[in-house]
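Here is a short report on one protein chain. Please look through the sequence and the model before reading on.

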Amino acid sequence: MDLILRSAGSADEKWVYDLARERHTDLSVESHREWWRLHQGESLVAHSDGPAVGHVRIDADNEVHITVASTARGQGIGTAMLRRVRRPGLWARVHDSNEASQRAFARAGWHFAGDLDGFQLWRSS
C-alpha cells in the first residue's frame, strides 16, 4: 500500500470534522473549530490511491490519536499510519473494547505498556 501522510491544512478542517463525527456523533461544529484553532502538535491527513482515508494527531505531550475513515477500515490503513509516525516518546490510549486498534498498534511495532481505567497504553520506540 502506498500511503501518503501530509500536514493537515485549513482546507482539511471540514473533512477531519466529518471523520470525527463518524465516532463522536455529538461533536458540535463550534467545539471542533475551537479544537482546530487551539490544537498544539502535529495534524496529518493520510491518502492512499485517491481521497483522504485517515487522520493522525500527535499532541504536544506526544499522545497519538488515529482515525480511519469507515470506508477504509480493515485495509491496513491504521497500521500503515502508525508505522509512518512511530518514533521514540510517542504513546497512545486505546479503549479496551477497540480490538482493531489494538491489533494495528501491535502490527505497527508499538509496545503494550499496561492498562489504565478502561484503556490500554501503547508506546512507540
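## Strand pairing

Val 45 has His 55 as its bridge partner in S3. The model is predicted. Strand S2 (residues 41-48) and S3 run antiparallel and are joined by 7 bridges.

Strand S3 (residues 52-59) also pairs with strand S4 (residues 64-68). This pairing is antiparallel too, over 5 bridges. Here Val 56 is matched with Ile 66 of S4. The two strands make a hairpin, with 4 residues between them. Asn 62 sits in that turn and has a positive phi of about 75°.

## The sheet and its helix

The sheet is open and has 4 strands, in the order S1-S2-S3-S4. Its pairing is antiparallel. Strand S1 (3-7) and S4 are the edge strands, each pairing on one side only. From one strand to the next, the twist averages 20°. As a rule, strands of a sheet pair through backbone hydrogen bonds.

Helix H1 (residues 13-23) lies across S2, S3 and S4. Its direction is at about 90° to S3.

## Aromatic rings

The count of aromatic pairs comes to 3. One of them is Phe 105 with Trp 110, an edge-to-face pair. The ring centres are 5.0 Å apart, with 90° between the planes. Both Phe 105 and Trp 110 are buried.

Phe 112 and Trp 122 have ring centres 5.8 Å apart and planes at 70°, so this pair is edge-to-face as well. Phe 112 belongs to strand S6 (residues 111-116) and Trp 122 to strand S7 (residues 119-123), so the pair ties together parts that are 10 residues apart in sequence.

Is each of these two rings buried or partly exposed? Phe 112 has a relative accessible area of 44%, so it is partly exposed. Trp 122 counts as buried because its relative accessibility is 7%. Phe 105, Trp 110, Phe 112 and Trp 122 form one aromatic cluster.

## A buried loop residue

Ala 108 lies in the loop between helix H4 (99-107) and S6. Is Ala 108 buried or exposed? Ala 108 is buried, because its relative accessible area is 1%, and the cut-off for buried is under 20%.

What does Ala 108 contact, leaving aside neighbours within four places in sequence? The contacts are Thr 79, Leu 82, Arg 83 and Arg 86. Asp 96 is 12 residues from Ala 108 in sequence. In space, the two are 18 Å apart, C-alpha to C-alpha.

Technical notes: Residues numbered from 1 in each chain as written. Predicted model: local features only at pLDDT ≥ 70, side-chain atom pairs only at ≥ 80, totals over all residues. Heavy atoms only, no water. Pairing = 2+ DSSP bridges. Phe/Tyr/Trp six-rings, centres within 6.5 Å; stacked < 30°, edge-to-face > 60°. Buried < 20%, exposed > 50% of the residue type's maximum accessible area, 1.4 Å probe, protein only. Contact = heavy atoms within 4.5 Å. Axes fitted to C-alpha atoms, helices over the stretch in contact; angles between N-to-C directions.
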